[in-house]
Amino acid sequence: MHETINQRCARARGSVIYCFTLSLCSETWVPLCVEFACSPCARSHFDPALRLPPAARRAGMESSDLEGKFGFSTYRRWIWSLNGTLINLGLDRRRRLSGGNLIISSLDRYQDVGMYQCMAYNTVGAILSRRASLQFAYLDHFKVHTRSAVSVREGQGVVLLCGTPTSSGDLTYAWVFNEYPYYVQQDNRRFVSQQTGNLYISKVESSDVGNYTCAVVNSVTKGKVQSSPTSLILRTDGVMGEYEPKIEVNFPDNVPAAKGSTVTLECFALGNPVPEITWRRANGVPFPSKVKMKYSNAVLEIPSFQQDDTGGYECVAENKMGKNTATGRLAFYGTPQWIQTMKDTALAIEERLYWECRANGKPKPSYTWLKNGQQIRVEDGVLSVSVLTLSDAGMYQCVAENKHGVIYFAAELMVLASPPDFTGNVLRALLKAKAGTTVTLECKPQAYPIASILWKKGNLPIHTNDRITLSPDGTLRLANVSKSDAGSYTCFARNRFGMSSTTGRLLVTDPTRIVQGPVDMEIIVGESIVLPCQVTSDPVLDVSFSWAFNGQLIARGDGHFELRAAGDLMIRNIQLYHAGKYICVVDTDVESLSAVAVLIVKGSPSPPDSVTVEEVTDSTAQLAWSPGRDNGSPITNYLVQTRTPFTVGWQRVNTVPEIIDGNTLTATVVDLNAWVEYEFRVLAKNSVGVGEPSPVSVKTRTEDAVPDAAPGDVGGGGGSRSELVITWEPVPEELQNGESFGYIIAFRAFGEVSWTHVATSAPGASRYVYRNDSIAPFSPFHVKVGTYNSKGQGPFSPVVTIYSAEIEPSGMPAGVWARSVSASEIEVNWQALSFTPERVLGYEVAYWEDDTKPETMGKVRVPWNQTSVTVSGLAGHTQYFLTVSAFNTAGTGPFLPAINVTTKKPPPAQPPLNVEWTLIGSQLSLYWEPVVAMESESEVTGYQVSSTSTVNTLITTNSTAELTLPEDEDDYYIIRIQIVSEGGLGPPSDPIRVHQLSKTHVSSGCVGFMVKSGKVQVLVYVWVTFVRWKCSY
C-alpha cells in the first residue's frame, strides 16, 4: 500500500501536517536577521508568519535574515518569491538558501520590504505557502525649522498641528507644555488625537499661553522624536464671543472592524462655552457595559468587537449656543475560516475524484485551486475529475480569500495502478466451522483497478445455488455446511495489470455440548460452593471457559472466585451480593455455548428502617418500624435495644409482647425510668442469625414521676463543735424521675419522738451539716434521708444512728523524751493519758528543724495504745524540735513545750573498695580496704556483709569475712558490703557476683578481686587449679 505525504508527515509529527514560520532577531537599532521557516507541516495551511524577538520589537529594521525550510528530508528544492517575482539567488549576494531557509544579510528597507512566499518540491509534487509580509518600522525626525507662533483671542478654539514625520508602525502622540517633562493634561477642554497627532483646545484661556512641542513615539521601535516648539499667544484686540460647537475630530463614515478587536472612535469639538461630548447608537440601543468612555468622552472604546456591535454611531457636541453631530458606521469583517476541507486521497486509475472546500468570512471569500503550486481552472470551491489518470497525482491546495485575509488547505492525491495483491489479506490456512452453520470466505485483494473474482474448490470452479452464494465484492458464503463441504478453497483475482490467488482449507467439526452445567441453588452467607460446567467437544477444537456474574465477566484473582481449569467455578465465603445470575460461557474455534444458573444467598436480615416512638409514659414507650430485607430467609422475630446518657453501650429491654414475631412491626417497651432521654433501635432475626441494627430513633424523654428511689449509704459524724454531720450516697440522675429534684433530711436526738426536717434542692448533694450550740459533743442521733421532685415526695432511707461532733482532747501527754537512733532517725517516748473526758483516738508527734524553716515540719500519728514512735527520713547531724499531743476527729489537743534532739552524724559516704574474694568449695573469703570516716561523718564501728543466698547478714569489726554459700537455684550469688556506724549503714559496695561452681573434687577454686578507681571498675578472676574444677564468670 502506498503511503501519502500527509500520512508520512502525520507519522513523523502527529496531527500537524503543514506549517510555516518567520522569526526576526536584532542586536542594534535595527534587527540583523529575519528568519522565514518554510516547513510543510500544517494541514490547514502552509503559513509563513513573522515573529519578532524582544530586541527587534523595540527597533526598526534595515537588515534581515529570511529562513525557510521543509520539515522532511524528501523535499530537496525550494523557490522563494518577493512581491510575486522569483528571487534569483545566483545574482544576489545578500540572499542565500540553507536547507530551505532563505537568509538575507544586510537588510535593506527599500529592497527587502514586501510579500514573501515559498514553494517547496519533492517527488510527489509542490506546495505553496501563504504570503508573509515583511515591513520595516521606522520614525524619521521632524524637519528642523522654526514654527510660526499661533495668535488667538481668549475664548477662541485652536488646533496645533503636529506635522508627523514619515514613519512606519503604530505611533503614539503627546504634547509637551513649555518644557519636559510637563505634558499637556487632557480634559474636557484639551484633547490629543491619536489619529492625527494634533492638539485641540476647545476654548483658549490665559493659562494656555506658552510653547507646545509634539512628541511622537514608534510603538514598535520605541524610537522617539520631538517637533520644534509652537508658541501660543493671546491677541489683544478683544475676547472671543460665544459660539456653537464645531467638530474638528471625528471618525470615518465607514469603519471596518474584526471580531475580537478593540475599536476606538474619536470625537472632539471647539466651542465657547466648552462643548459637552455624548455618544449614542443610531438604533437607540444602549451601550453594553464593556464600552468605555475616556478623556471626557472624547474617545469611545469598544473592546472584544462582536457582530452585535455593528451599526451606526453618533457623536454629539453641545453647548448652550447649539450642537453639532458626527456620524459613522462600524462594519463587521472576518477573515476566512475553514468549515469544510478535503483530505489525503488514494484512488485507483480511472476512478472519479470529487473534492470540495468551503470557508466562511465577511465578505464571502472566493476560491482558487493549486496543483503543485500552480493555479488550475476550477469552478467555485469544487474540484471534480471524472476519470483519473496517473498524471493527475500530486499536491493540491484550496485557497479561500477575501480582502481581509487568505487561507490555504492542502491534500495529496495519489493515483494507484497495480495488479491484484493478497499481501496482508490472505485466506486463513485452516478455517474450522461447526456443521450446520454458515461459512463466509472473503476475497479482498488490493488491486487498481478492481479485479474480477473466481472461486474453486480443489480444481473445480464453484457454481452458486440455493446454498452457495457469491457477492459482487468477491465474498463466498456456504450455508448449512456439512462434512462434505470440507476441503481446499482458492480465490483467483485478475485485472489488466496481472493475476493473483490465495488458498485456505475448511474443516467441518461436530457440535460441542454441555453435559453438566450449573443449577439453581440456595446457600447461606459464608459457605462455599462449586458451580460445574463440563462439556464434550470435537477433539480438533480448542475449548476455553469463562464465567459471568450478573452480566460482568469474572476475572481471575478475585478474592471470592476461583476459575478451575476443568471449567468449574468455586465461590468461597459467599456474601449476600453474590446472589444473582451466573453464566458459564464455553468458547471453541467455531462456536460459543452457555449455561445459566440462579444463586439465591440467604443471610441474616437487613436492618429494619424508620424506627419511630409513637407514645410515651413515665415507664413505657410505644415503638413502630418498617421491615428490612429478609435476605432469603423469613424474619422470625425482632429484638429491641435502648441507650441512655447513663448506660454503657446498648442494652436489651423488656417489651410487650415479650417475644415480637416477624409479622409484628410495633411493640411497647416497659420498665423504663421516668424523665430519662432514650434512644431505641430494632434488630431482626431469621433462621440464619441476627442482622445489623436499624438506624437509631430520635431521642425521646419519658414523662416525669414521683421519685421511687431513696438515697443509700446514709451515715455521718465528725465535723466541728456543736455540729451534726449527715452524709449519704446521692441518687443517680437516671433515678431522679423529674425536674427540681432534691433531698429531705430528717434527724432527732436519741430518745426524742419528733423529727426535724430540712430540704436541699441540690440534686448532687451528699452532705448536710446541722449547727446548734445546744448539741452535746459526741451525742447519738437518729437520721434518715428522703427524696422529692416537682411531682412529689419519694421514699426515705432506713433510719441509722450517728454521733455529733466531738471536741479535741484536753489532756497533754507527760514524760516526753527522745533520743537519736541514727543520722536519719529519732525515737520519741511519752506517757499515755490516764484520764480525759474526751475521746482519744491516738497521739501525734510534730517535729521541725527550727521556726525559720516551716517547710521542715513533719507529723507522725500512732494509735491510742502506743506510747513511742521512731521518726525517720531526717537530716544527719541536725537539731530537731518535737512535741506530742493527743488527737480525735475534732483535732489535736494541747502539748507540753517542745524538746530538742540532734541526730547523729551520717555514716561515711565512701563504700568499701578494692574487694577481693576467694571461693574454695562453698567457703567464700572476702577482703576489702578499711574505710576511714571524715570529721563530718560517724566513726566506723564495723561492716555488714549480706548475700542474696541467705536472709541473714554478717556483722564484723574487721575488713575480712568468711561466708558459707548454700546450694542455690540461681546461677550467681550477689554479695554486698556496707559500713556500720552510729549514723547507720553506709552505702553498699558494688555488687560482687560469684558464679556457682560445678565440682567433682574439692581440690580447686576461683579467686577474684574488684578494683575501683574513679569511674573505672575492673573485676578480675584468677584461676586456681588444685585437681578438677570449673570456674565461670
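**View 1. Phe 881 is partly exposed, with a relative accessible area of 23%.** Partly exposed covers the range between buried, under 20% relative accessible area, and exposed, over 50% (1.4 Å probe, protein chains only). This is a predicted model, in which local features need pLDDT of at least 70, side-chain atom pairs count only at pLDDT 80 or more, and totals for chains, interfaces and linings use all residues. Residues are numbered from 1 along each chain as its sequence is written, and side-chain values use heavy atoms, with hydrogens and water left out.

**View 2. Aromatic rings stack in two places.** Rings of Phe, Tyr and Trp (its six-membered ring) pair if their centres lie within 6.5 Å; planes under 30 degrees apart count as stacked, over 60 as edge-to-face and the rest as tilted. The count comes to 22 aromatic pairs by this rule. One of them is the stacked pair Phe 251 and Trp 279, at 5.7 Å centre to centre and 25 degrees between the planes. The pair links distant parts of the chain, 28 residues apart. Phe 251 sits in the loop between strand E21 (243-249) and strand E22 (254-258), and Trp 279 in strand E25 (residues 276-281). Strands are DSSP runs (E, at least two residues), numbered from the N terminus. Phe 251 counts as buried because its relative accessibility is 7%. Trp 279 is buried too, at 9%. Trp 848 and Phe 881 also form a stacked pair, with 6.1 Å between centres and 20 degrees between planes. Trp 848 belongs to strand E77 (residues 842-848) and Phe 881 to strand E80 (residues 879-888), 33 residues apart. Trp 848 is buried at 14% relative accessibility.

**View 3. Three aromatic residues gather, and two basic residues lie over rings.** Phe 191, Tyr 200 and Phe 268 make up one aromatic cluster. Elsewhere, Arg 109 lies over the face of Tyr 138, 3.2 Å from the ring centre. Lys 784 lies over the face of Trp 755, at 4.5 Å from the ring centre. A charge sits over a ring if NZ of Lys or CZ of Arg is within 6 Å of the ring centre and within 35 degrees of the ring normal.

**View 4. Asp 92, Arg 94, Arg 95, Asp 112, Arg 153 and Asp 237 take part in salt bridges.** A salt bridge is a side-chain nitrogen of Lys or Arg within 4 Å of a carboxyl oxygen of Asp or Glu. The count comes to 30 salt bridges by this rule. In one, Arg 94 meets Asp 112, the closest N and O atoms being 3.0 Å apart. Arg 94 is in the loop between strand E5 (85-86) and strand E6 (95-98), Asp 112 in the loop between E7 and E8, 18 residues apart. Asp 112 is buried, with a relative accessible area of 0%. Asp 112 also bridges to Arg 95, with the closest N and O atoms 2.6 Å apart. Arg 95 lies in strand E6, 17 residues from Asp 112. Both Arg 95 and Asp 112 are buried. Another salt bridge joins Arg 153 and Asp 237 (3.0 Å, N to O). Arg 153 lies in strand E12 (residues 150-154) and Asp 237 in strand E20 (residues 230-239), so the pair ties together parts 84 residues apart in sequence. Arg 153 is partly exposed at 24% relative accessibility, as is Asp 237 at 43%. Asp 92, Arg 94, Arg 95 and Asp 112 are joined into one network by salt bridges that share partners.

**View 5. Four strands form an open antiparallel sheet.** The order is E58-E59-E64-E62. Strand E58 (609-616) and strand E62 (655-656) are the edge strands, each pairing on one side only. Two strands pair if DSSP finds at least two bridges between them. E58 pairs with strand E59 (residues 621-626) in the antiparallel sense over 5 bridges. Thr 612 has Ala 624 in E59 as its bridge partner.

**View 6. Two peptide bonds before proline are cis.** Tyr 448 to Pro 449 has omega near 0 degrees. Pro 449 is in the loop between strand E41 (446-448) and strand E42 (452-457). Val 656 to Pro 657 is also cis, with omega near 0 degrees. Pro 657 lies in the loop between E62 and strand E63 (660-661).
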